[in-house]
Each structure stands twice: as structure tokens, then as C-alpha cells.
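Please follow the explanation below with the sequence and the structure side by side, taking the backbone in the loops before the strands.

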Protein chains: 2
Amino acid sequence: MTENKNYQQLTRTFQRLSRFSHLGAIAGWDMFAMMPPGGSAARGAALAELGVLQHQILTDSSVAQALRNALQEDLNDVEQANLREMTRQYEQAALLPESLVEAKSLAGSRCEHAWRSQRPANDWEGFSENLRDVVKLSREEASIRAAAKGGSRYDALLDIFEPDMTSARLDVLFADLKSWLPALLTDVVEKQAQQPPVAPQGPFPVAEQRELGLEAMRILGFDFDSGRLDISAHPFCGGVPQDVRITTRYNEDDLLSALFGVIHETGHARYEQNLPRKWLDQPVALARSTAIHESQSLFFEMQLGRSDAFLKRLLPAGRQRFGDQPAFSSDNFIAWNQRVKPGFIRVDADEVSYPAHVILRYEIERALIDGDIEVDDIPALWDEKMQSWLGLSTTGNYRNGCMQDIHWTDGGFGYFPSYTLGAMYAAQLMAAAKRALPQLETSIANGDFSTLFAWLQQNIWQHGSRFTTSQLITNATGEDLNSDYFRQHLTSRYL
Amino acid sequence: MTENKNYQQLTRTFQRLSRFSHLGAIAGWDMFAMMPPGGSAARGAALAELGVLQHQILTDSSVAQALRNALQEDLNDVEQANLREMTRQYEQAALLPESLVEAKSLAGSRCEHAWRSQRPANDWEGFSENLRDVVKLSREEASIRAAAKGGSRYDALLDIFEPDMTSARLDVLFADLKSWLPALLTDVVEKQAQQPPVAPQGPFPVAEQRELGLEAMRILGFDFDSGRLDISAHPFCGGVPQDVRITTRYNEDDLLSALFGVIHETGHARYEQNLPRKWLDQPVALARSTAIHESQSLFFEMQLGRSDAFLKRLLPAGRQRFGDQPAFSSDNFIAWNQRVKPGFIRVDADEVSYPAHVILRYEIERALIDGDIEVDDIPALWDEKMQSWLGLSTTGNYRNGCMQDIHWTDGGFGYFPSYTLGAMYAAQLMAAAKRALPQLETSIANGDFSTLFAWLQQNIWQHGSRFTTSQLITNATGEDLNSDYFRQHLTSRYL
């Protein structure tokens, strides 16, 4: 009757998992965007129960059996890719003993919860105590994953977020950045000091900021039939491809923070909204990786959003809502959006100094997971690297130094490199699009971005996880990832 | 170790079910209040998958076994009540063959979907074709349930919504209403014709209506830490007790529709928000029944919301938002809110003519399920009963006659009586509260409703499903349900 019995059985299992994920995604979005505080404990319990169910379904012995048997079945290219992604999901879930998953979750929650008050209190002593537990358990996890996969402990964690990426390869990519970025940064800061731009004058009412954000989303092709814009304390992109929920936060004194948050999340959203509909509910239809996801948000935020062409396109809407003030002259508005100013905080950093924040953390977290340093060594290393990269001292300033982010609190080691990989991918993709489409630069300059979106759809979005990252990027740009295009982009925009 | 092994196992199973219900409730709320249209198909699939899971968990043979064994275990009063409610849930789910559940769901969806366009088109011919399928399957369901439980087919459906209620008892209650309500209605209409009130002049902007609704919710003690107010096409109360979501819809030409919708849903919400927290996640912590739920919403909407005291309390907020117009004189505003005008549409009916709509449907649906009439007989019967009750002809006017509501489209037979049972319970409860608390009428007249809410909390809310409906109402009011108090209420308010 059916030749792919095992494969068919697997697609049904993963369809169930996808539908349960849908409920988790909406309940998660609601938790951050809508839920009153009294719902918190019950929501946490409901989501945890769902997590247990999903883990049970995914790691059931029948799944392992079907994955093995399906390898012998007659599958086309997409089905083979789907089987590869199914196997990856299964192995990631099945490798860890449930006791470790639980211990890690508890230690992560404890560390994250305490961090919320320890960070404002600059309490490294208290924080490091919890962090030691998290690191210990993350090392255990990494050891188990490394034993199964080969390679170093850190590489095993990296692989969760970025399949096939290794620290050896990261070292090469980042060494290149380190060879030219500090000098570039110095030059840009010096150049910009000569003509400092004027800041737009607030206050900027939330309702008007929201309308400007929606206008930007429209310009950027967000499908409002399949998505929403809401408010949450920490901006994110959630939901499901048929119904993508993005959020931002508003500060009435700051026009650009919410706006560029929206533009960033719109990049994530358009990727999700354009994932292959015909494979939906299957792992092959998911976004390729965190770095490729980030390449889309940074493409929208940096390659396009902070470009002269986009800023000019958006400017009339800004003037209409916030008055025709001097800061909204075309030149000044562009300069204001492209200003470069090294600072302590990663999330506030411009795109030239941003890689410093990421490489610094990558080097520290890799040494930490591989066992070359201990938690107590972090502050000194942090300070040394911030001094060397950005000339900023963080001695005693844990709050704005190694305690500024949430990522390490719950053991999310291996995630940080995605940010800078994403920026490099974005630059390489933009360069390839311009090469492939001779009229593209003219259209972009005229404020018409449709050709650009069609190219992204053609080369990235519609493929989901069908190809490996390397194949995807080579098909799209003619070569595997390298940092040349990122350098060219920064040089041409900022010097 | 534990003497209640089976009972403990059951509480864990029902805790899981409750947590999955939580996710379903939030996804359901989102679907009506937030979801963009593109998410519709995926949401439907996700909720259906959840429904299958819940049905599997509930009807697993281990549950049946544990329910039997737990009967022999040493359980306190609350645990015994919980076991009773667990058994009820299990039996309701396990009785029906899955094929019938599926067929009924499909026929219901088809009928409901077609109804959306058939109602505006007044297309009885097309509608009745689908309805025949729904009735056929509902009769099958009713036969199976009746065979297991004893009693008539209709009684078996009634029992789903209102445990232990029978049509024999309904007939007695409704016969009493029929003996005095038509004459009362005639008298009220005649009396009110002498001094017709003035309508408040619109438009009434949505934002202002929303603020007035929130003010009413505050006056009525809604806990905003554990709930929200949103917009949906059809008002409802959803969510979970720790996070109750109510909705309304706004019409800028009509001030009272949204406002009294909010007040009605606030009654449902306060019941949910005050269900017994210490038994949460267990069936015994759920609301007692649909009629008791409706008694709370009608208590808030009719007993309290349309009372002179509440209307005077709300009036300053109304004047502040919509101007000090003649309609907002105290006497006129009360008269406007208490006007009685028989009409075709149940959901727009005042509380004096409302029972006519409900009893009419009860008599028709009971005859239909018991096989005394067929679908083709409905319009003539409807017309005859509307003529007799309200003096209105619906000949050929299916749209505003037997096709006006959604209830029958998906086989919700047995639900309608809850509306009028709720109105009777509400009147009986208010009378009992006034008897029990000699100072209550003075507090209410002074706009202080806290004593009243404390009484409801003490006598209804905190008990969840611990007692049967009959026990609950007898404990609260000293007697089982009867219609005397409803008659006294209508007579004293309207004559």
C-alpha cells in the first residue's frame, strides 16, 4: 500500500508535535504580551506540562525505531531533508537524561530569577554562586553531547543553535574581524566626531510611535493577515508561520529604540511568514538556524533599515507624526541613525561596535565550557577584553559588564556567536542580491524594495531547513560564509 | 504509604487535563479576541489535536479502573465530591463512540458554517437540510446517553449542561411561569407606554465606552490582577480562574449593549475568579453548572446591574464621559434601562419577555429530540408560540425566527433552559441575601455592594462543584429552586 510507512508515521508524529508547539507558542506570546500577573503560576505549570508531553512524544521508542527504518525507505529530496531534521530533533532531546534536563531547568530558573535583583544590586558575589551551578550542569550536558557527536564540549553546545558550526571555524572568522574591526571603529568614531548629528526632540507619544512602527512594517511587507504587533517588556518574534506575533517596547523619550526593534522583528517575521507552506507542521519547514534567523532580522534592521534609501522612505511618516524638526532633515536623520558610539551595553550597540560584544562573550563562554577558566575568572577577563576592544573599563561594574545579559543565567551557552554570524550572513546576502540583480540598487534608492524581498524569498525563506546552512548560503551567494562582505558593508557605510 | 493511591493517581490525571484545558482556553480566547484571520486553519487543527489528546487521557482504561478502585478508598467530603465529578466527566466522554463524536463535530461545523450565510439570506430550505443531519446525530447521542442513564432522550442531553435537571421538573417550573408571565408582560408594557423614556444621544466613542465598562467592572469587584477585558464579535467569558478573559463588542450608536454585556460577563468572571483556589486543577473546583453560571451573570446584569441603586452609582461616570444630557437624569436613565419591549430577538430581549424566548425553544427542542416533531415542523411551531407569547408573527421570517441563534447548529440541544433557570436562581439568591442580611438593602441603596459580594462568595462561589445544584441552592436559600422569587422580582421592579 504505502512504501514509506515509517516516514508517514513520523510525519504524523511531528505534525502532532507541531500542533502542540503552536499552542505553546501562543500561550508563550500571551504570557509576555497579554497575561495579567495573577495568571503566572498556572501558565508556568501548563507550559511545563506541555513540555513534558512533547518530550515524551519525541523520545518515544517508536520514534527511534521509525527513524531507523525510514532510512531504508524510498524518499525524495525534501523527505530526506525532513528525515534528517527529525533525527536531529530526536537526538537532541533523547541524548540527555531527564534528571539533567530537570536539574538544569531548576538551576537556570533560580539563577535567572535571582539575577533580576542581583544585576541592579551589582551583586556579583551572589550571582556567581548560582552561575557556578548552571555552568556545572551545562558542562555535563556538553560532555554528553560531545561524547555522542565528537568534537569539543563547547562545539556540542554551539551545534544546538547553529548546526555544523565549530569553534575552529568561528576562530578563523572572528580572527579576521579582529584584524580590521578595531581600526575601522577608531576611524569611524573620529570621522563622526567632526559633525555630530542633532537628536530628534521628544516626547514621542506611544500611539504615534506605534503608528510609525506599523507604517515601517507595511513598507517592509509584513503580512497583517498572518500576524500582529504588540507590546512586551523584551521584544521578540513568536507565534507560528501562519500567525506571527512580534512585539516591541516604547519609551516616550526615545524614537528609534521601538522603531528599530520593530524593523528587526519584522525581519524575523517575514522569514517565518514565508517559510514553505506546503511542508508546514514538519521540521523541514522550520527556519534553518538561529544565525540564519538573525541574518534576516539584521538584514531588515541594518542592511536595509539603516540604509539611506530606507531612512529617506520612512522620513515623511516620521515628520508627519512628530513635526518637521531640524533632526528630520534627510542628512541629519541618516547621520543620527548611523552614529557609532562604543558603550557598555550590547543591546544598545551600533553595528560597528556590536561584534566586539559578541566575540568577547564567545571567547569567555567557550573557555568556561571547555574548562579553561572558572566562573570567578569572568570579571577580570571581561574587563581586559572590553579595555582592549572598546577602551572601556568594567572593573567593579558587573551590572553593565558580565551581568548585563540574561543568556548565561539559564545556560544558553553557544548562542552569542549567532548575532555576529547573522550580521556577516546579512552583508553577504545583500552583496549577492546586488550582484544578481543589476537594477536592484536603483530600485532600493527609489524606495522600492519588492525585488529585494523577492530575492530573499527565492534564496532563503522558501527553503526552510531543506538545505544545510552551508548549502543554503552557497546556493544563494556562490560561496560559503566569509567576513569580506561585512567589512565592505561597514567600510562603505561608515567611512 | 498512601491510602488513596487510586484517588491520588486520578488527581494527577485531572491536573494534567486541567493544564491542557488552560492552554486550550487561552488559545480559544486568542482565536476570538486577537488572532489574525490567516491563523484560523492552523489554530483549528491545533485545538482539535488537543481535544483528541484530552479525550484519550480522560477515557484511558486506567482512569476507569482507578475510578472504580477509588470508591473503596478513604476519602473526605471534598475528595468524594471530586471523585463524583471525575466520574461524571469520564462517563460523559467515554459513553460515545469516537465515530459519533467525529460525525457530530463535522455535521455541526458544516451546519454552523453554512448558517452564517443562510441566516442573512433567510434560507430555511438550505439550513434545514444541514440541521436534519445534526438532529439525527444528536438523537443518536441522546439515545446512547439515555440508555446508560435512564430517562428520556432529551433529559439525557439536558443533564450534560444541568446535572440532575429533568424535563418533568422543567415542565412544572415553566408551567408556573406561563401561568403569570404573559399577563405581567401586558401590564408592564401598558404601564410603561404612559411615560416613554428618552434615549441617550450618541455617538458613543468606543474608547469612552471601554472606560465606562472598566469603571463598571471596578465597581463590581472584577480582579484585574487575574483577568482582562477585550473585544470579540460575540461576547464571552473565557480563560482560567487565575486569569479570566471577558470580551464585549462596541456599537458607537448604542451605549447600553456593550456596557451591560460587560456587566453580564463580569458576573461570570467573578464566579470564576472566586472558585476555590485550594482545589484548583480538579473537577470539584469547577463552576457548578451552566444555569448556576448564568445565575451569576444575570445576578450582576439584572438583579444588581439594572437596579435603581446600581444605575445611580454608575450614572456620574456616564455623564462624565457622554455629557450631562436629559437622558442621564436619574429617573430617565433608570426607566431607559428598565424598559420592556417584546421583540423577535432573544439576545436583545428585556428580562420580562426573555423567558418567552427560552420556553418556546425548550418546548420545540425537547419535542425534536424526543422524536415528537421533525425539523420541518419547526417554523410553524415557532410562529404559533411567538404569536401566543409575544403577539409577533414570524411567518416566512426565519432569519429573525428559528434561525436567529447559533445553538442548534452544532447540536447544543439542552442548553437553552439554563438561561431562564439562571434568572430564577438569581432572583431566589437575591431574596435570600436580603433576608439573611437585614442591612443589605440599605448598603445597596448607598452604592456599597461589598456585603452582597461577600454573601455570594460565601454561599456560591467558594463551593465550586462540591455540592449538587440542589444542595448548593438549598444551603444558600433554604429551599430548592422555585419561580416565586423571580415573579416577585419582576412584579416589584416593573409594576
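In chain A of this predicted model, the loop that connects helix α8, residues 167-193, with helix α9, residues 206-219, holds the proline A:P203. The peptide bond that leads into this proline from A:G202 is cis, and its omega lies near 0°. Chain B can be read in a similar way: B:P203 sits in the loop between α8 (167-193) and α9 (206-219) of chain B, and the bond from B:G202 to B:P203 is cis, with omega near 0°. As background for these bonds and for the phi values that follow, most peptide bonds are trans, and most residues other than glycine have a negative phi.

Turning to phi, A:D281 is a residue other than glycine with a positive value, near 75°. This aspartate belongs to the loop that runs between α10 (255-273) and α11 (290-305) of chain A. Is A:D281 buried, partly exposed or exposed? Its relative accessibility is 24%, and because the buried class ends under 20% while the exposed class begins over 50%, A:D281 counts as partly exposed.

In chain B, the aspartate to look at is B:D164, whose phi is likewise positive and near 75°, although the residue is not a glycine. B:D164 is placed in the loop between α7, residues 153-161, and α8 of chain B. With a relative accessibility of 53%, B:D164 counts as exposed, because the cut-off for that class is over 50%.

From the loops we move to the strands of chain B, where 3 strands make up an open sheet with mixed pairing, in the order β1-β3-β2. The edges of this sheet are formed by β1, residues 227-231, and β2, residues 237-240, each of which pairs on one side only. From one strand to the next, the twist averages 20°.

Within the sheet, it helps to follow one pairing in detail. Strands β2(B) and β3(B), the latter spanning residues 243-248, run antiparallel and are joined by 4 bridges. At the level of single residues, B:V240 stands opposite B:D243, which lies in β3(B).

Which helix lies across β1, β2 and β3 of chain B? Helix α1 of chain B, residues 5-33, takes this place, and the helix runs at about 30° to β1(B). The picture of chain B thus joins a sheet ordered β1-β3-β2 with helix α1 lying across its strands, while the cis bond from B:G202 to B:P203 is found in the loop between α8 and α9.

Definitions and conventions:
Residues are numbered from 1 along each chain as its sequence is written. Chains are lettered from A and ligands numbered from 1 in the order in which they are written. This is a predicted model: local features need pLDDT of at least 70, side-chain atom pairs count only at pLDDT 80 or more; totals for chains, interfaces and linings use all residues. Side-chain values use heavy atoms; hydrogens and water are left out. Helices (H or I, at least four residues) and strands (E, at least two) are DSSP runs, numbered from the N terminus. Buried means under 20% relative accessible area, exposed over 50%, partly exposed in between (1.4 Å probe, protein chains only). Two strands pair if DSSP finds at least two bridges between them. Axes are lines fitted to C-alpha atoms, for helices over the stretch in contact, and angles run from 0 to 180 degrees between N-to-C directions. Contact means heavy atoms within 4.5 Å.
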